[in-house]
Each structure stands twice: as C-alpha cells, then as structure tokens.
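Welcome! Please take a moment to look over the sequence and the 3D view before reading on.

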Amino acid sequence: MNRMRAVRRVGLVVLVVNLLLLAIKAAVWWQSGSLAVGSEAVNSATDVGYSVVVLAGLYLTTQPPDHRHPHGHERIEPFVSLFVAIAIFAAGGLILWRAVGSLLSGEIGVATGPWAALVLAVSAGGKYLLYRYCLRVGEVHDSPAIVATATDNRNDVLTAGAALVGVAGAQAGLPVLDPIAASVVAVGILYSGVEVVRDNLDYLVGGAPPEDLREEIVARATAHPEVYGVHDVIAHYVGPEIDVSLHVEVEGEHTLLAAHDIESEIVEAIRSIPEVDDVFVHVDPKELGEWKVESGPVDRPGRS
C-alpha cells in the first residue's frame, strides 16, 4: 500500500473509532453521572474534533506536487500535529478544571451498575489496538501526524485505566477516587500534548536529523571512488523530510561531463536514504585544499 492510501486510511479509521467511543461514553455518562466517565467522554469529543482535522490535513499532505508547491505538501504534517496538541491541551485543561471543582465543592456523583466500568474497559482495549495500528503505519511511512495520533491513543489507554480505577473505587465506597481519577486522566492528557509538541519542533524549525543519519550521508558521499573528501555538510528537516547540501572534493582535471556524472551518482546514493528528499551537491577541485575536520580527506591508494 502506498503512503497516500495508508495515511488517509488511518485518518478515517481513527475518526470512526472515536465517534463510536464518544457515543458510548456520552450515553453511559448521562446514565451514571460519573465524573471519570464524563472526563473520558470529553476526551473522546476532543479526539473526534482533531480526527476531522487530521483527516483533512492528511488529505492535503498527500496531494502530489504542483507549480505552487513543487516539493509536495508534506510540510503541512507538523502543523496538523500541533493542532492535535492544541486539542489535547484543551481537553486536559477542561477535565482538570472540572475534577478540581468537584473535589473542592464535594459534589461527587457515583456511578451505579456495571456500564461505567465496562465502557472504560472497552475504551482502553480499543485505544490500545488503535495505538499499535497508528504507530506501525506512522513509522513505516514516516508520518509525524500519524505518530502524534498514536501518542494520543497510547495515553488514552492510560487515562481510561485511571478512570476505571476511579469508578471501581467509588462503587466500593470511596467516591473521592472518581474526581481524583479524572485529575489523573487530565494530567495524562496534558503530558501527551507536551510529547506531541516536542516531537514536532525539529520538523517546524528545520532542526538537524540524528547524528547517525548525518554520518550515513557523509559515508555515502565519500564511498564514491572519485571523492577525496566532503565539507559544508548541511542536513535539516523540511517538514518530516530531510534536505541535504554538501561539497565534495574531486580531481580538478576531470571534464565537466565527468564532474556532472560524479555529482549525479552521489545525489542518487544519498537520495536513496528513505528520510531524504532533496540533495544538492557542489563539486570542488581537491587541489583547493578545502578539507575540514568533519570529513576528510579520504585516502585513495595510488593517488596523490
């Protein structure tokens, strides 16, 4: 399955699952009055809202390049992730405000019957499956928006578990556990928002990729038999993809056609790295001596 179809399908699946969970939780909240279940219903309502935005954002990011966006639309993805983070912060803040208010006022509703605990258990199970699915697709297709969605679903598993403990404790005679559980849910939600922002900052500000990937870029350039060294290696994120520019040193007596062939071969070698999008190679005569500590020169036996 290609990237476009895979990420769009994830967006649709997430939206449908969140709609179903919202309907079930809202019905049980209405019947039980449990603050913990209510906090989970609010969480699911937020999930539905961001799912719509994620689905629309993923549709835009998977559009082919055009004359206004010659490099494609993948740079939209980090902004979709940040919208997810904003929705997460809003949900966490609302739940925490209600839980603290309930604790201070002493107005605590205790769920009766098995439905509150059952819906939270079902929610935790469904969110775990959704987390695994989103994480797998997000990592395979290098999609920060899908990985952010996976992070949110992972934390939903933990918050549903906390809410379940609160409901069970309240039914066992400790009603204060219900708003306490809702507070734990809120803190978990807020933390997941922090994770999403942190994971997408490099994509937004053009940060450098991990050092091992940069070393792989240098290694592929210097592996070319005509290259004596590289310098001014710059690799940075442009959205979730990486743009690379570097200078390579070759013998100055090469013809222009030969230098062009060397440049093209190096571009293709580096571009074959899955995370890399565009590669720009500048060819320098090695006789200029522009060696730098980062890269060389490369020892070529039998050559001066």
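The report below goes from the overall layout to the strands, a pocket and two residues in helices.

## The overall layout

A good thing to know from the start is that this is a predicted model. The protein chain has 304 residues, and 45% of them count as buried. It contains 8 helices and 3 strands.

How are these elements ordered along the sequence? Reading along the protein chain, you meet the pattern α-α-α-α-α-α-α-β-β-α-β.

## The hairpin of β1 and β2

Let's begin with strand β1, which covers residues 229-238. Of its 10 residues, 7 are buried, so β1 is largely enclosed by the rest of the structure. Its partner β2 covers residues 241-250. The two strands run antiparallel, and 8 bridges join them. If you would like to find one matching position, look for A235, which stands opposite V244 in β2.

Together, β1 and β2 form a hairpin, with 2 residues between them. In the turn sits G239, whose phi is positive, at about 70 degrees. A positive phi also turns up within β1. There, D232 has a value of about 50 degrees although it is not a glycine. Is D232 buried, partly exposed or exposed? With a relative accessibility of 31%, D232 counts as partly exposed, because this value falls between the 20% limit for buried and the 50% limit for exposed.

## From β2 to β3

Strand β2 also pairs with β3, which spans residues 276-285. Here the two strands run parallel, and 8 bridges connect them. One position to look up is S245, whose bridge partner in β3 is F280. To get from β2 to β3, the chain passes through helix α8 (residues 256-271), and this β-α-β crossover is right-handed.

While you are looking at the strands, one general point may help. In a regular strand, side chains alternate between the two faces of the sheet.

## The second largest pocket

Next comes a pocket, the second largest one, with about 150 Å³ of space in it. Which residues line the second largest pocket? They are G138, D142, S143, P144, V147, A148, T151, E195, V196, D199, N200 and Y203.

Helices α5 and α6 (177-205) each supply at least two residues of this lining. The most comes from α6, which gives 5 residues. By type, the lining divides into 5 nonpolar, 4 polar and 3 charged residues.

## Two residues in helices

Our next stop is N153, a residue of helix α5 (residues 144-171). Is N153 buried or exposed? Its relative accessible area is 0%, so N153 is buried. The side chain of N153 reaches a backbone oxygen at 2.9 Å, and that oxygen belongs to T149.

Finally, have a look at I86, which has its place in helix α3 (residues 77-105). I86 counts as exposed because its relative accessibility is 56%, and exposed means over 50%. I86 and T46 are 40 residues apart along the chain, and 9.9 Å separates their C-alpha atoms.

Terms used. Residues numbered from 1 in each chain as written. Predicted model: local features only at pLDDT ≥ 70, side-chain atom pairs only at ≥ 80, totals over all residues. Heavy atoms only, no water. Pairing = 2+ DSSP bridges. Helix = DSSP H or I, 4+ residues; strand = E, 2+ residues; numbered from the N terminus. Right-handed = clockwise from strand over helix to strand, strands pointing away. Buried < 20%, exposed > 50% of the residue type's maximum accessible area, 1.4 Å probe, protein only. Polar contact = N/O pair within 3.5 Å; in protein donor to acceptor, adjacent residues only side chain to side chain. 1 Å grid on protein atoms, 1.4 Å probe; cavity = no way out; pocket = protein on both sides within 12 Å on 5 of 7 lines; lining within 4 Å. Points joined across faces, edges and corners; volume = space filled by probe spheres on them. Nonpolar A, V, L, I, M, F, W, Y, C, P; charged D, E, K, R; others polar.
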